[in-house]
Amino acid sequence: MTEVLRAAIFDMDGTLVDNMAFHNRAWEIVSERLGVPTTAERFQREFAGKKNEEIFPALLGRAVSPDELARLAEEKEGLYRATYRPHLALTRGADAFLERLRLRGVRLAIASAAPLGNRDFVLDGLRLRERFERVVGAEEVTRGKPSPDIFLLAAQDLGVASAACVVFEDAANGVRAAKAAGMVAVGITTAATAEELRDAGADWTSADFTSLPAALLERLGIA
């Protein structure tokens, strides 16, 4: 018998908000300044879902001191927030979907690798905080995605077994993390293709929250 899904865990960047183009552009600008120019495609493929303390050493090919990391991270994140602020909005269909889940009694959490300043920027700017029982940040776990730690912590704090959780993610690393946690994974194709997300293990893919598959809605009890 197919298990009923009792909790929905959402990635934030690229999933609840369609902002990855702004993140990727900020990374391009910062990497160019650092003398290690790279592409938006590389950031999406290799680094999406990881923490800044994982990204900068990999990007620079060397260890990064805490002071340098803080400076570089603030430069990149400040640039992202400044450019995305005029465009801040939920992904199409997310508002109505969250309300349907709430009315059905589905437990809701966010599990995001975004730094605290970026989470506050989105959660407070869109008044999302009160709609979720738990917001889990990267600083609460040892490993970023594709390790499952952040999703496992969210499920633990919601009191729901992994098999009864569905994760919504836009990045292949996030999908891999969800599957490693033993959860159903839905890929939102704001930044990666449906094929890339399916190759990473996504059970379903969708362009946004208006076209989610009927089989998923049935398991959530909102068909």
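## The six-stranded sheet

In this predicted model, six strands form an open sheet in the order β3-β2-β1-β4-β5-β6, and their pairing is parallel. The edges are taken by β3 and β6, each of which has a single partner strand, so one side of each is left without a neighbour in the sheet. From one strand to the next the twist averages 20°.

Within this order, β1 (residues 7-10) is joined to β4 by four bridges, the two strands running parallel, and A7 stands opposite C165 in β4. Strand β1 also pairs with β2 in the parallel sense, again over four bridges, and here the bridge partner of I9 is A109 in β2. Helix α5 packs on the sheet, where it touches β1, β2 and β4, and its direction makes about 150° with that of β1.

## Strand β4 and its crossover to β5

Strand β4 (residues 165-169) has five of its five residues buried, so it is largely enclosed by the rest of the structure. In a regular strand the side chains alternate between the two faces of the sheet. In β4, C165, V167 and E169 point one way while V166 and F168 point the other way, and all of them are buried.

Four bridges also join β4 to β5 (residues 184-188), with the two strands parallel, and V167 has A185 in β5 as its bridge partner. Between these strands the chain passes through helix α8 (residues 172-180), and the resulting β-α-β crossover is right-handed. Helix α8 lies across β4 and β5, and runs at about 170° to β5.

## Salt bridges

The whole structure contains 21 salt bridges. One of them joins the side chains of R131 and D95, with an N to O distance of 2.6 Å. Since R131 lies in the loop between α6 (116-125) and β3 (134-137) and D95 in helix α5 (residues 94-104), the pair ties together parts that are 36 residues apart in sequence. Both partners are partly exposed, R131 with a relative accessible area of 24% and D95 with one of 44%.

A salt bridge between the side chains of R107 and E133 likewise has an N to O distance of 2.6 Å. R107 belongs to strand β2 (residues 107-112) and E133 to the loop between α6 and β3, so this pair ties together parts that are 26 residues apart in sequence. R107 is partly exposed, its relative accessible area being 28%, and E133, at 47% relative accessibility, also counts as partly exposed.

The side chains of K76 and E77 meet in a salt bridge at 3.0 Å, N to O, and in this case K76 and E77 are both buried. A network of salt bridges links D11, K145 and E169; of these residues, E169 is also one of the buried residues of β4.

## The surroundings of G201

G201 is placed in the loop between α9 (194-199) and β6 (204-206). With 26% relative accessibility it counts as partly exposed, because the partly exposed class lies between the limit of under 20% for buried residues and that of over 50% for exposed ones.

When residues up to four places away in sequence are not counted, G201 touches V175 and K179. The C-alpha atom of G201 is separated by 9.6 Å from that of A180, a residue 21 positions away along the chain. A180 falls within helix α8, which spans residues 172-180.

Definitions and conventions. Residues numbered from 1 in each chain as written. Predicted model: local features only at pLDDT ≥ 70, side-chain atom pairs only at ≥ 80, totals over all residues. Heavy atoms only, no water. Buried < 20%, exposed > 50% of the residue type's maximum accessible area, 1.4 Å probe, protein only. Contact = heavy atoms within 4.5 Å. Salt bridge = Lys/Arg side-chain N within 4 Å of Asp/Glu carboxyl O. Pairing = 2+ DSSP bridges. Right-handed = clockwise from strand over helix to strand, strands pointing away. Axes fitted to C-alpha atoms, helices over the stretch in contact; angles between N-to-C directions.
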